[in-house]
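Colleague: I would like a close look at a single part of this structure, namely how two packed helices meet and which salt bridges lie in and around them. Please take me through it in one connected answer.

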Amino acid sequence: MARGAGKGWLVRLPPMLWLVVFYLVPFLIVAKISLSQQAARRPPYLPVFDPAAGWEAFGAALGALSFDNFVSVVADDLIWSAYRSSLVIAAVSTVIALVLGLAIALPMARAPRRWQPVLVMLVVLPLLTSFLIRAYAWIAILKPEGFLNGALMALGLIREPLAILNTDVAVVIGIVYSYLPFMILPLYASLEKFDPSVLEAAADLGARPAQTFFLITLPMIRPAVLAGSALVFIPAAGEFIVPDLLGGSDTLMIGRVVWTTFFSERDWPLASALAIVLLSVVLVPLVLGRRRAPA
Amino acid sequence: MPEARTTTDGRNAADALISIRGVSKAYGGVPAVTDVTLDIGQGAFFALLGPSGCGKTTLLRMLAGFETPDAGAILIGGEDVTAVPPYLRPVNMMFQSYALFPHMSVADNIAFGLKRQGLPRDEIALRVAEMVRLARLAGFETRRPHQLSGGQRQRVALARALARRPRVLLLDEPLAALDRKLREETQFELMDIQRRLGMTFIIVTHDQDEAMTLASRIGVMQAGRLAQVGTPQEIYDHPVSRVVAGFVGDINLIEGRVGAVAGRMAGFVPDGLEVNWQVAAGDAQPGERMTLALRPERLDIAASGRQGPGNAMTGTVLDAGYLGDSTLFRVALTGGAVVRVFRQNARRGDSGGLTRGMPVTLTFPADAAILLRE
């Protein structure tokens with residue numbers, strides 16, 4: 001460690017630069033806009049920093065920044081319920097994706113070695129089609145006269161078509177389907193490296209299969225469970241396309257609110273404030289969870 | 001030796017703790033274990049010995065319940081456990097890779113099996129403390145496996161497997177990952193623990209020295225079959241086949257033809273040598289082609305002309321390897337074959353004066369040779 005300390009920064013420089021240019025700078029821009037006010041001009045907010053105007057103008061612009069937008073975000077009940085329902089839908093989707101992901105990744109990891117690359121390919125395959133088209137396809141499956149209702153009625157399980165499309169259920173189905181590969185891949189990567197004799201040792205010491213799963217397998221792949229859950233939960237919480245296509249008019253998700261505020265109402269500052277609140281609502285528990293549980 | 005259905009202590013097979021009856025197992029049509037019948041008595045330290053791929057590990061895994069036999073039955077304590085899953089069998093296994101739970105402390109690893117038994121808390125704590133003492137792990141209870149040395153991990157694996165006080169402890173190449181010095185120390189520890197607990201140990205190993213040192217009885221496996229079962233001495237002195245003779249210890253194999261058989265003695269004419277040795281006949285038939293097996297340390301070597309009693313052959317020293325306590329000679333016989341001879345160096349500076357190229361005479365008594373048919 002100490003030996004490499006002198007040149008360590010060289011190795012760390014490219015990722016740091018990447019993060020600064022593509023994450024930190026855009027974040028700061030959004031943060032600045034969130035402190036501005038909507039205005040009927042181009043860009044549609046004030047104040048604007050103008051390097052040509054000199055220090056005095058800069059100070060004036062700085063003084064014009066305010067937390068008004070955050071105050072309106074906090075004061076608006078509708079926005080709060082949008083956040084709440086976004087987090088609930090994201091959490092439910094993550095749990096379902098985790099269960100499905102385990103059910104798929106476990107047999108994948110135990111499949112014969114030569115089949116495993118093919119199986120990984122099959123998991124990744126849907127990602128080669130456009131996200132939008134795949135979400136659209138679910139309309140054809142879920143609509144009242146769609147494939148799902150047709151199949152259920154043909155089997156005699158239901159008489160009337162179920163109203164799935166344009167509900168939160170359809171949104172959860174769409175999100176789980178869209179992000180499942182991002183759950184499966186880390187789980188599979190972790191399970192594939194698993195020494196099967198550890199499971200045999202558990203059975204040998206009297207653990208039934210379910211006990212072995214919860215006491216040995218799950219704790220040992222915990223980092224992958226956390227990674228997969230984050231990869232599903234974070235984009236799901238801010239998801240816009242799936243609720244827009246599959247959700248109903250009463251499906252309130254924050255991604256849609258941000259979209260409407262930004263494009264329909266052209267209130268960039270409020271939309272930015274909404275995005276920053278979303279970021280902190282999603283990231284803060286994640287960072288805290290990481291710190292509390294050193295793997 | 002005809003002792004097929006008796007246990008170590010000579011009791012009847014019905015008293016055997018473990019009874020393996022006609023067990024076979026194949027993987028995708030390739031036989032791994034073929035028709036193995038074996039009884040192991042209570043308190044035995046039994047070694048399954050054989051080269052890799054001989055089926056010894058498959059047999060052990062069938063005892064643990066990880067594999068199901070295609071045919072035959074396995075009885076433990078008189079109860080048929082052939083279809084019983086591993087978590088309900090009264091045996092525990094120590095894995096070659098140790099298979100410790102990486103996310104648990106040493107104490108939690110040892111307690112895992114006890115918790116599954118549903119023992120009360122204080123009983124578990126007592127047993128863990130006892131195992132920690134037995135495996136000399138005091139002070140390491142809260143460490144994770146990755147914070148331990150190889151030898152310590154090996155002892156955690158042993159303590160974890162012993163904690164449930166199984167009727168039988170299965171050990172799959174338990175010392176393979178240790179360096180030589182540690183391996184020797186651990187061998188004696190294992191013997192000591194086995195004797196103190198009076199538990200039945202079954203060890204799988206490819207190391208004949210390990211099997212000879214540890215076991216009260218050895219089963220030599222070859223190509224999925226049990227080639228011979230017996231005490232280390234029986235296996236060494238009375239191997240039933242060339243394969244067993246060659247696998248356990250060093251041996252010279254000399255091809256030839258059986259001559260006249262008179263009572264318990266038979267003549268033996270080795271190929272290419274104009275001699276007629278007198279050896280123990282066993283069940284040899286006159287005129288039969290057989291192999292004569294001679295242990296290198298049962299041969300006497302002397303400069304030509306100083307011939308002692310017994311069967312003799314002549315040759316020249318090819319090379320002499322001085323090992324300190326003994327010297328290993330390779331001698332080219334007059335007929336062309338090469339035999340190995342161990343000579344004990346009883347006194348300091350004692351090399352016998354035998355050097356490369358020197359003509360020598362090798363002699364051996366009639367009872368030192370073993371006639372082998374297979």
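Modeller: What follows starts with the helix pair and then turns to the salt bridges.

The model is a predicted one, and the part to begin with is the pairing of helix α4 (residues 150-162) of chain B with helix α5 (residues 180-197) of chain B, which pack at an angle of about 15 degrees with their axes 12 Å apart. Because an angle under 35 degrees counts as roughly parallel, α4(B) is described as roughly parallel to α5(B). The crossing of α4(B) and α5(B) is right-handed. On the α4(B) side the contact is made by G151(B), Q154(B), R155(B), L158(B) and L162(B), while α5(B) contributes L182(B), T186(B), E189(B), L190(B), I193(B) and L197(B). By character, the residues of this contact between α4(B) and α5(B) divide into 6 nonpolar, 3 polar and 2 charged.

Helix α5 of chain B also holds a salt bridge, in which the side chains of D192(B) and R196(B) meet at 2.8 Å, N to O. D192(B) and R196(B) both lie in that helix, 4 residues apart, or about one turn of the helix. D192(B) is partly exposed, with a relative accessible area of 32%, whereas R196(B), with a relative accessible area of 55%, is exposed.

A pair with this kind of spacing is found in helix α3 (residues 121-134) of chain B, where E123(B) and R127(B) lie 4 residues apart, about one turn of the helix. E123(B) forms a salt bridge with R127(B), and the closest N and O atoms are 3.3 Å apart. Here E123(B) counts as partly exposed at 28% relative accessibility, but R127(B) is buried, its relative accessible area being 9%.

Another salt bridge joins the side chains of R340(B) and D250(B), at 2.8 Å from N to O. This pair links distant parts of the chain, with R340(B) in strand β18 (residues 338-344) of chain B and D250(B) in the loop between α8 (242-247) and β11 (252-262) of chain B, 90 residues apart. R340(B) is partly exposed, with a relative accessible area of 29%, and D250(B) likewise counts as partly exposed, at 25% relative accessibility.

Salt bridges also link residues of chains A and B, since E200(A), R61(B) and E67(B) are joined in a network of them. Over all chains, a search of the whole structure finds 19 salt bridges.

Technical notes: Residues are numbered from 1 along each chain as its sequence is written. Chains are lettered from A and ligands numbered from 1 in the order in which they are written. This is a predicted model: local features need pLDDT of at least 70, side-chain atom pairs count only at pLDDT 80 or more; totals for chains, interfaces and linings use all residues. Side-chain values use heavy atoms; hydrogens and water are left out. Axes are lines fitted to C-alpha atoms, for helices over the stretch in contact, and angles run from 0 to 180 degrees between N-to-C directions. Helices (H or I, at least four residues) and strands (E, at least two) are DSSP runs, numbered from the N terminus. Angles under 35 degrees count as roughly parallel, over 145 as roughly antiparallel, 65 to 115 as roughly perpendicular and the rest as oblique. A crossing is left-handed if the near helix is turned anticlockwise from the far one by less than a right angle, and right-handed if clockwise. Contact means heavy atoms within 4.5 Å. Ala, Val, Leu, Ile, Met, Phe, Trp, Tyr, Cys and Pro count as nonpolar, Asp, Glu, Lys and Arg as charged, and the others, Gly among them, as polar. A salt bridge is a side-chain nitrogen of Lys or Arg within 4 Å of a carboxyl oxygen of Asp or Glu. Buried means under 20% relative accessible area, exposed over 50%, partly exposed in between (1.4 Å probe, protein chains only).
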